Amino acid sequence: MVDSFNHCSFGHLRSFVKGVWSFCKGVMNSKSWVFQSFNGVIVVGSLLSFLLAIAYAYLFLFPIFQPAIDNSHEIPHSNNSISECNYFEGNWIQDENYPLYDASHCPFAERGFNCLANGRRDRGYTKWRWKPKNCEIPRFNAREVLEKMRGKRVVFVGDSLGRTQWESLICMLMTGVEDKRSVYEVNGNKITKQIRFLGVRFSLFDLRIDFYRSVFLVQPGPVPRRAPKRVKSTLKIDKLDEISNEWIDSDVLIFNSGHWWTPSKLFEMGCYFTAGGSLKLGMPITGAFKKAMHTWASWANTTINANRTSMFIRTFESSHWSGRNHLSCKVTRRPSSRTGGRDRSRISDIIIQAVKKMAVPVKVLHVTPMGAFRSDAHVGAWSDNPSVPDCSHWCLPGVPDMWNEILLSNLLSKN
């Protein structure tokens, strides 16, 4: 539009100047008007001054020599802020530097998760590393991590998949300890699924890594009076687990939940929900989980000292059950090429939404998509009870090691 306007203006001015020149030429050729009297000279001079003033005003109002400005190719202002690494968008790549440890040499790895010791022959599932698209996960260095975590207390809270990550981290860090006897369970307990509290101390580094079994995060409750016979137990979805006070005094706090929020673990076992002391028989599981996450978030907002404690929560881990009733477990030799819809989870969505509304900062370890490809990494028939297939838990070493590498990258990053 500006170019068109200037072209038009230039045409008008050219016509105007041409007309002025013709007029002046005619005046100069007129002997009777200019040279016959002194008054004629004055009139011509006045006329020329007037015409020059008009021409100057025309040029001022329509500056034909000013170049047109095209903003369509203007260089945008650069944004110097570096976007945060999305660790959970990427793919699995083969890496011969893995596995990071031998579970048979780690006394804190449950026998049920040590697939190689339980007869699995193919080791290919241990040779995969997660590679984010837009960043790199630093190579794990056990000694460096131990030094940086000196004097800290790390607490895991959740279900058996949380315990798997806890065991994985301990086994990873033990590779940096020469005297293995300096690492021990604080109460002398063996690692079993029945114990609610397990704590391992790295005495040379004054480092504690604890696990609290709290599969729902909220409190179990009694059966209310006059409840239907099908109600055998309840969950107080508006009350956090009564052992939550033991989680507070920590430097790193990692939560997980969701795997017990299923009909087979709740309604089929006669477990229903209560809130405000009232039985909620018609409440769906997703609605109850949303309320439980709100309870958890409110507790964290009012209890956790963000200046000391770094807080994380892990999303739902993908399982690979198949068959008509999802009871068949087929463990592949390589990762899947497609997710089969396992990269999405309603439980994960609820966790993410709850964190977005929190006042205290919480990092979401969104492991659901990355686990969706790992149909090769489940325990399957290689547990301590091979008659019961397992397409929910992961072999150690394996996928949980990658969760910990991402966790440590978040914790130890200079940024």
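This report covers the disulfides, the largest pocket, the cavities and a few local contacts of a predicted model.

## Disulfides

The structure contains four disulfides. Counting bonded cysteines along the chain, their pattern is 1-4, 2-5, 3-8, 6-7. Three of these links are set out below, each with its sulfur-to-sulfur distance.

| Disulfide | S to S distance |
|---|---|
| Cys 85 and Cys 135 | 1.7 Å |
| Cys 115 and Cys 395 | 2.0 Å |
| Cys 329 and Cys 391 | 2.1 Å |

Take Cys 85 and Cys 135, whose sulfur atoms are 1.7 Å apart. This pair links distant parts of the chain, 50 residues apart. Cys 85 sits in the loop between helix H3 (38-61) and strand S1 (90-94). Cys 135 sits in the loop between strand S2 (128-132) and helix H4 (142-148). Buried means under 20% relative accessible area. Cys 135 has a relative accessible area of 15%, so Cys 135 is buried.

Next comes the disulfide that joins Cys 115 to Cys 395. The two cysteines are 280 residues apart, and the pair links distant parts of the chain. Cys 115 belongs to the loop between S1 and S2. Cys 395 belongs to the loop between S17 and helix H9 (399-412). The angle about the S-S bond is -90°, and the link is left-handed. How accessible are its two ends? Cys 115 has 0% relative accessibility and therefore counts as buried. Cys 395 is buried too, because its relative accessible area is 0%.

The disulfide of Cys 329 and Cys 391 has its sulfurs 2.1 Å apart. Cys 329 lies in strand S14 (residues 328-329) and Cys 391 in strand S17, so the link ties together parts that are 62 residues apart in sequence. With 85° about the S-S bond, the link is right-handed. Cys 329 and Cys 391 are both buried.

## The largest pocket

How much space lies in the largest pocket? About 1,400 Å³. Its lining takes in 44 residues. Closest to the pocket centre are Lys 265, Trp 321, Asp 390, Ser 392 and His 393.

Which elements each supply at least two residues of the lining? They are helix H5 (160-174), helix H7 (346-356) and strand S17 (390-394). S17 also holds Cys 391, the partner of Cys 329 in S14. By class, the pocket lining has 13 nonpolar, 18 polar and 13 charged residues.

## Helix H5

H5 is mostly covered, with 15 of its 15 residues buried. At its N-terminal end, Asp 159 acts as a cap. A side-chain oxygen of Asp 159 lies 3.0 Å from the backbone nitrogen of Leu 161.

The length of H5 can be checked. The expected span is 1.5 Å times one less than the number of residues. H5 has 15 residues, so its span should be 21 Å, and the end C-alpha atoms are indeed 21 Å apart.

## Cavities

Rolling a probe the size of a water molecule over the atoms shows where empty space is left. Two cavities of 30 Å³ or more are found in the structure.

The largest cavity has a volume of about 90 Å³. Its lining numbers 13 residues. Those closest to its centre are Tyr 98, Thr 126, Trp 128, Gly 398 and Asp 401. H9 gives the largest share of this lining, three residues. The lining divides into nine nonpolar, two polar and two charged residues.

The second largest cavity has a volume of about 40 Å³. Which residues line the second largest cavity? They are Val 145, Met 149, Val 154, Leu 169, Leu 173, Ile 209 and Leu 408. By class, that is seven nonpolar, no polar and no charged residues.

## A buried aspartate

Asp 251 is found in the loop between strand S8 (233-240) and strand S9 (252-256). Its relative accessible area is 12%, so Asp 251 is buried. A polar atom of the Asp 251 side chain lies 2.8 Å from the backbone nitrogen of Arg 153.

Key: Residues are numbered from 1 along each chain as its sequence is written. This is a predicted model: local features need pLDDT of at least 70, side-chain atom pairs count only at pLDDT 80 or more; totals for chains, interfaces and linings use all residues. Side-chain values use heavy atoms; hydrogens and water are left out. On a 1 Å grid over the protein atoms alone, a cavity is a set of points where a 1.4 Å probe fits but cannot get out, and a pocket is an open set with protein on both sides within 12 Å along at least five of seven lines; lining residues have an atom within 4 Å of a point. Grid points are joined across faces, edges and corners, and a volume is the space filled by probe spheres set on the points. Helices (H or I, at least four residues) and strands (E, at least two) are DSSP runs, numbered from the N terminus. Ala, Val, Leu, Ile, Met, Phe, Trp, Tyr, Cys and Pro count as nonpolar, Asp, Glu, Lys and Arg as charged, and the others, Gly among them, as polar. Buried means under 20% relative accessible area, exposed over 50%, partly exposed in between (1.4 Å probe, protein chains only). A polar contact is a pair of N or O atoms within 3.5 Å; within protein, one must be able to donate a hydrogen and the other to accept it, and residues adjacent in sequence count only if both atoms are side-chain atoms. A disulfide is a pair of cysteine sulfur atoms within 2.5 Å.
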